[in-house]
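Grab a pencil and work through these exercises with the model open beside you. Try each task before you read its solution.

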Amino acid sequence: MQTGRQGPEVWLRGPVTAPGPGAPEFAHDRPAPRSFSWVGTHGGAGVSTLAAVYGGHDSGRSWPGAGAPRSVLLVARTHAAGLDAAAAAVETFRRGQAPPGLDLDAVVLVADAPGRLPRPLARRVKFLESVIDVYRVPWVTSWRLGEPGGPPRETETLARLTGAAR
């Protein structure tokens, strides 16, 4: 049964006030990206390089201290020892044994060599991906040479998460 209306109804809300100080100028403006602390699960994970490329706090292999962002990105290499260390650190959070107030956001896996992962290591990565968000960072030769540059194209989702510009 038709009611005789043509098109959608329009609701009037009254006058729209100007945004207050510090408010976004446009409705589509996004809030500032979240700030993260990079925490290495083992030595040589790449924490300092990731903090230089993507921004955020370099916590080294320690939990973030006072004044550091409470959102944690765990970092590990994709070799067997690195994946074991990442799994152990995730388990630390799961059991509630991480320092209070920290929020585990994701695991960032940095390639330990160029090329594809051997099948046994790829299975370990799949397991990690089944319990937490995992971001993969490919082998970047320029990083090895001490030239961080910008985020690699393959890490667009990680760059968006951290607010790093491409």
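**Exercise 1.** Work out whether W63 is buried, partly exposed or exposed, and then describe its ring pair with F93.

*Solution.* Keep in mind that you're looking at a predicted model.
- Step 1: W63 has a relative accessible area of 34%. Buried means under 20% and exposed means over 50%, so W63 is partly exposed.
- Step 2: F93 comes in at 16% relative accessibility, so F93 counts as buried.
- Step 3: Now look at the rings of W63 and F93: their centres are 5.4 Å apart and their planes meet at 85°. Planes over 60 degrees apart count as edge-to-face, so that's what this pair is.
- Step 4: The pair links distant parts of the chain, 30 residues apart: W63 sits in the loop between β2 and β3, while F93 belongs to helix α2.

**Exercise 2.** A search of the whole structure finds two aromatic pairs. Classify the one formed by W38 and Y54.

*Solution.*
- Step 1: The ring centres of W38 and Y54 are 6.0 Å apart, with the planes at 45°, so this pair is tilted.
- Step 2: W38 is in strand β1 and Y54 in helix α1, so the pair ties together parts 16 residues apart in sequence.
- Step 3: Both W38 and Y54 are buried.

**Exercise 3.** Check the span of helix α2, then find out where its buried residues lie around the axis.

*Solution.*
- Step 1: α2 has 15 residues, and at 1.5 Å a residue you'd expect 21 Å. The first and last C-alpha atoms of α2 are 21 Å apart, close to that value.
- Step 2: Pick out the buried residues of α2: G82, L83, A85, A86, A89, V90 and F93.
- Step 3: These residues cover an arc of only 160° around the axis, which puts them on the same side of α2.
- Step 4: Turn to the face pointing away from the buried side, and you'll meet the exposed residues A81 and R94.
- Step 5: Finally, ask what covers the buried residues of α2: the cover includes β3, β4 and α3.

**Exercise 4.** Repeat the analysis for helix α3 (residues 119–131).

*Solution.*
- Step 1: With 13 residues at 1.5 Å each, α3 should span 18 Å; its end C-alpha atoms are 19 Å apart, which agrees.
- Step 2: L121, V125 and L128 are buried in α3.
- Step 3: Their arc around the axis is only 60°, so they sit on the same side of α3.
- Step 4: The face turned away from the buried side of α3 carries exposed residues, including R119, R123 and K126.
- Step 5: The buried residues of α3 pack against α2, β4 and β5.

**Exercise 5.** Four salt bridges turn up in a search of the whole structure. Trace the ones that involve E91.

*Solution.*
- Step 1: E91 pairs with R94, their closest N and O atoms being 2.7 Å apart.
- Step 2: R94 and E91 are three residues apart in helix α2, so about one helical turn separates them.
- Step 3: E91 also meets R95 in a salt bridge, 2.8 Å from N to O.
- Step 4: Compare exposure: R94 is exposed at 60% relative accessible area, and R95 is exposed at 55%, whereas E91 is partly exposed at 27%.

**Exercise 6.** Do the same for R160 and E156.

*Solution.*
- Step 1: Their side chains meet in a salt bridge, 3.4 Å from N to O.
- Step 2: R160 and E156 are four residues apart in helix α5, so they're separated by about one helical turn.

Methods. Residues are numbered from 1 along each chain as its sequence is written. This is a predicted model: local features need pLDDT of at least 70, side-chain atom pairs count only at pLDDT 80 or more; totals for chains, interfaces and linings use all residues. Side-chain values use heavy atoms; hydrogens and water are left out. Rings of Phe, Tyr and Trp (its six-membered ring) pair if their centres lie within 6.5 Å; planes under 30 degrees apart count as stacked, over 60 as edge-to-face and the rest as tilted. Helices (H or I, at least four residues) and strands (E, at least two) are DSSP runs, numbered from the N terminus. Buried means under 20% relative accessible area, exposed over 50%, partly exposed in between (1.4 Å probe, protein chains only). The expected span of a helix is 1.5 Å times one less than its number of residues. The arc is that of the directions from the helix axis to the C-beta atoms. Contact means heavy atoms within 4.5 Å.
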